[in-house]
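This report looks at the fold of a protein chain and then at the pairing of its charged side chains. Please keep the sequence and the model in view while reading.

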Amino acid sequence: MAQTQDNRPKEQQLVVFAIKNEEFGVDITQVKEIVKLLEVTYVPKAPSFIEGVINLRGSIVAIVDLAKRLGLETSSRDDSTRIIVVEIGNNLVGMIVDSVSEVLRLPSEFVEDVPSLVDTEVPEHYIRGVGKLQDRLLVLLDLNRILTPEEFQHVEKHIKGASPKINND
């Protein structure tokens, strides 16, 4: 039996990454790839946390500064900075993070719903749970809440308008 009694999987496989001094995890099934920071093309009138778009082997991908989106202080970018390309709905979104550290299997008994005592500045509606490891806590993000449908529409509209310019770069 692969499910627990409350219908959660027995374990979750997560991509673990850092923003500042906090560690986060996202479900590996939503991660398409992890790439080094690429040059981002600006998108006019986008929300401040949307850096722009990139051309990733012919696919136009919206790029979100995840620290800004989560209301965290942004770090300077360096050789460790990565873009985690994830699939949200039918859209590819790249999330800029400080570093990616590991892929981790986390048994469900070590995952709790969002306790109000978790010490994080991240708004609770972005969090789907907390992973308790031996010496650390892992904030599990709900990627489906990173962008609202309206924000997706805004980005898609500008991607369509910017595609010829980006493809020629």
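## Secondary structure

The protein chain of this predicted model contains 2 helices and 11 strands. Read from the N terminus, the order of the elements is β-β-β-β-β-α-β-β-β-β-β-β-α, with the helix α1 spanning residues 66-69.

## Burial, contacts and surface

Of the 169 residues in the protein chain, 44% are buried. Among the contacts with a separation of 6 or more, 59% are made by residues 24 or more positions apart.

The protein chain has an accessible surface of about 9600 Å², and carbon and sulfur atoms contribute 46% of that area.

## Salt bridges across the chain

Side chains of opposite charge can pair when their charged atoms come close. Over the whole structure, a search finds 11 salt bridges, and three of the pairs are described here in turn.

One of them joins the side chains of Glu87 and Lys32, with an N to O distance of 3.2 Å. This pair links distant parts of the chain, since Glu87 belongs to strand β6 (residues 82-88) and Lys32 to strand β3 (residues 31-36), with the two positions 55 residues apart in numbering. Glu87 is partly exposed, its relative accessible area being 31%, and Lys32 is likewise partly exposed, at 44% relative accessibility.

## Asp65, Arg77 and their network

Another salt bridge is formed by Asp65 and Arg77, whose closest N and O atoms lie 2.9 Å apart. Here too the pair links distant parts of the chain: Asp65 sits in strand β5 (residues 59-65), whereas Arg77 is found in the loop between α1 and β6, 12 residues apart from Asp65.

Is Asp65 buried or exposed? Asp65 has a relative accessibility of 4% and therefore counts as buried, because the limit for that class is under 20% relative accessible area. Its partner Arg77 is partly exposed, with a relative accessible area of 37%. The two residues also belong to a network of salt bridges in which Glu51, Asp65, Lys68 and Arg77 are linked.

## Asp142 and Arg145

A further salt bridge connects Asp142 with Arg145, and the closest N and O atoms of this pair are 3.5 Å apart, a distance that meets the criterion of a side-chain nitrogen within 4 Å of a carboxyl oxygen. Asp142 has a relative accessible area of 19% and is classed as buried, because buried means under 20%. Arg145, by contrast, is partly exposed, with a relative accessible area of 45%.

Methods:
Residues numbered from 1 in each chain as written. Predicted model: local features only at pLDDT ≥ 70, side-chain atom pairs only at ≥ 80, totals over all residues. Heavy atoms only, no water. Helix = DSSP H or I, 4+ residues; strand = E, 2+ residues; numbered from the N terminus. Buried < 20%, exposed > 50% of the residue type's maximum accessible area, 1.4 Å probe, protein only. Contact = heavy atoms within 4.5 Å. Areas by Shrake-Rupley, 256 points an atom, 1.4 Å probe, with all protein chains shown as cover.
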